[in-house]
Amino acid sequence: MTWWQHPIVSVGRILVSGISNVGELVCILLRTIKCFPYIHKNIGLIVKQMVAIGVSSIPLLFVTSIFTGMVATVQAEFQFRDLVADKFVGTAACKMILIELGPILTALVLAGRVGSALAAEIGSMREKEELDAYTVLGLDTYRYLALPRFIAFITMVPCLTVISNCLALIGGWIVCVLALDITSYTYYTGMQYLFQPMDLWAGVIKSFVFGVIIFVLGYYHGLKAGAGARGVGVATMNVVVSSCLMILIADFALAAVLFK
Amino acid sequence: MPNVKINPDDVMIKLRGLKKTFGSQDVLLDVNLDIRRGETMVIIGQSGSGKSVILKHMIGLLQPDEGEVAVDGITISTPKFFDTRTIRRKMGMLFQMGALFDSMDTGENIAFALREHHPELTEAQVQKVVTENLKLINLVPEFRVKMPSELSGGMRKRVALARAIALSPEILLYDEPTTGLDPITSDVINDLILDMQSKLGVTSVVVTHDMVSAFKVADRIAMLYKGRIIEVGTVDEIKNTENPFVRQFITGQRKITTEED
């Protein structure tokens with residue numbers, strides 16, 4: 001190979017690898033969706049995953065959401081001080097939290113907590129030949145492993161986002177009453193002002209998409225995990241990095257679609 | 001050695017011209033082997049020689065680059081063969097580390113596939129099969145509530161065997177069944193392999209480099225060397241072979257010895 005061919009070959013390899021990876025991600029998603037008719041037979045497994053992904057994440061989200069709401073409200077009050085009426089602090093906090101902060105922060109926290117756990121679990125099962133054992137026993141891994149987790153992700157991430165929104169708004173209210181000398185009534189009427197149901201629904205739609213992203217990337221990196229503890233460690237790191245990037249990119253794309 | 005009547009013309013698993021490459025590494029070059037119905041075939045060879053790769057081809061976990069794998073007359077190595085579920089239900093596999101489902105207890109591990117494949121069975125019938133299978137592997141029914149993490153290496157393999165036979169397979173594949181076990185526990189596993197053949201009449205393929213185990217359970221032994229089966233024979237034939245590579249392996253010599261030596 002001559003010197004000028006090297007960069008062309010490298011670019012070609014990256015392109016082929018990228019297309020192949022996207023193809024594998026789409027395959028994971030489609031093979032999981034294909035198992036939807038078995039949802040009613042896997043209720044036990046689905047509930048178990050919902051508890052692991054959803055209920056167990058609430059304590060962490062409680063802390064992050066309350067403080068995010070507090071910070072957002074303090075910043076809104078600081079930026080608007082002497083410029084607009086106090087009630088607009090509630091308006092700004094509500095808009096910020098419902099449209100962006102709630103869905104994005106919930107998704108990023110869950111990518112770190114449950115996305116990495118999913119990759120580690122699947123990677124470890126692959127390492128210990130458990131995935132082969134499912135196949136050998138004539139059991140479809142997508143039905144018994146992927147489907148329950150997928151359903152849990154696409155239902156729990158939106159639910160947790162709504163909970164996170166509520167907690168963040170409560171955080172904002174606490175800081176208004178205790179530190180900013182803004183009454184509950186002012187904060188509440190400010191929240192109602194300019195509120196549109198689409199603000200809430202946009203966040204829920206976004207979080208649904210984020211749930212799909214975290215699941216697909218978590219499962220993919222689990223299947224691709226290398227051997228040993230290092231392989232699983234690298235897989236968990238990859239899932240957090242790729243999920244965070246994809247969540248931010250998808251957020252931009254969804255914002256452009258939902259609010260055009 | 002087992003005492004089961006085997007028809008030499010009744011081939012259960014047929015491998016022809018099997019070739020498999022991983023990256024730049026040629027693992028299998030040209031593997032040809034017939035495994036007869038009801039016999040226990042032991043495949044021996046050095047670690048990393050591709051014994052487990054052969055086993056995974058037999059059950060359809062891997063597809064060959066070239067060559068043919070036929071199970072009970074059905075070619076499973078062609079991309080046109082999609083009915084892997086049917087063929088796999090004829091087969092059970094004991095993985096090297098057991099591969100028990102960590103999130104389920106012992107009873108659930110055995111019952112899980114049974115419930116899914118036989119929804120017509122009542123819970124009482126499923127539990128009866130679990131108890132019978134635990135008895136077959138010499139474990140008391142109380143073991144059903146133990147989690148895999150609470151079991152020793154030998155027990156994990158026995159439970160994995162109970163899980164493998166839950167669907168009444170015709171073929172059992174054993175991937176290094178005695179690796180990592182003490183000699184006494186290894187002998188317990190060897191006896192179980194013999195029991196499976198005599199009580200259930202299964203065709204068994206055992207991959208191992210434990211020659212004590214190989215000589216005890218085998219009807220025939222095949223030696224894999226550098227991607228090819230270089231010798232197939234009964235236990236006595238293998239013990240008395242002139243092939244220097246087989247002699248080196250079964251006697252555990254670092255260097256090849258010949259008659260002249």
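## Strand pairing in chain B

Strand 1 of chain B and strand 4 (residues 66-71) of chain B pair in the antiparallel sense over five bridges. Within this pairing, Lys14(B) has Ala70(B) of strand 4 as its bridge partner. The model described here is predicted.

Strand 1, which spans residues 11-22 of chain B, is also joined to strand 2 (residues 25-36) of chain B. Eight bridges link strand 1 and strand 2, and the two run antiparallel. Leu18(B) stands opposite Val31(B), a residue of strand 2. Strands 1 and 2 of chain B form a hairpin with two residues between the strands. In this hairpin, Gly23(B) has a positive phi, near 65°. In a regular strand, side chains point alternately to one face of the sheet and the other.

## Helix 1 of chain B

Is helix 1 of chain B largely enclosed or largely open? Helix 1 covers residues 51-58 of chain B, and seven of its eight residues are buried, so the helix is largely enclosed by the rest of the structure. The buried residues in helix 1 are Lys51(B), Ser52(B), Val53(B), Ile54(B), Leu55(B), His57(B) and Met58(B). After helix 1 comes Gly60(B), which has a positive phi near 80°.

## The nonpolar cores

The largest nonpolar core has 70 residues. Which of them touch the most other members? They are Val42(B), Ile43(B), Met58(B), Leu173(B) and Val205(B). Helix 5 (residues 153-165) of chain B supplies the largest share of this core, with seven residues. Met58(B), listed above for the core, is also one of the buried residues of helix 1.

Ile43(B) has contacts with residues elsewhere in the sequence. With neighbours within four places in sequence left aside, Ile43(B) is in contact with Lys51(B), Ile54(B), Val205(B), Val207(B), Ala222(B) and Leu224(B). Among these partners, Lys51(B) and Ile54(B) are buried residues of helix 1.

A second core, separate from the largest one, contains 63 residues. Leu101(A), Val114(A), Leu167(A) and Ile247(A) are among them.

## Chain B as a whole

Chain B has nine helices and 10 strands. The radius of gyration of chain B is 19 Å, close to the 18 Å that the globule rule gives for 261 residues, so the chain is as compact as a globular protein of that length. Along the principal axes, the C-alpha atoms of chain B fill a box of roughly 65 × 45 × 40 Å.

Of the 261 residues of chain B, 41% count as buried. Among contacts in chain B with a separation of 6 or more, 67% are between residues 24 or more positions apart.

Conventions: Residues are numbered from 1 along each chain as its sequence is written. Chains are lettered from A and ligands numbered from 1 in the order in which they are written. A nonpolar core is a set of buried Ala, Val, Leu, Ile, Met, Phe, Trp, Tyr and Cys residues joined through C-beta atoms within 7 Å. A residue is buried if 20 or more other C-beta atoms lie within 10 Å of its own, exposed if 12 or fewer, and partly exposed in between; C-beta atoms are placed from the backbone. Helices (H or I, at least four residues) and strands (E, at least two) are DSSP runs, numbered from the N terminus. Two residues are in contact if their C-beta atoms, placed from the backbone, lie within 7 Å. Two strands pair if DSSP finds at least two bridges between them. The radius of gyration is taken over C-alpha atoms; the globule rule is 2.2 Å times the number of residues to the power 0.38.
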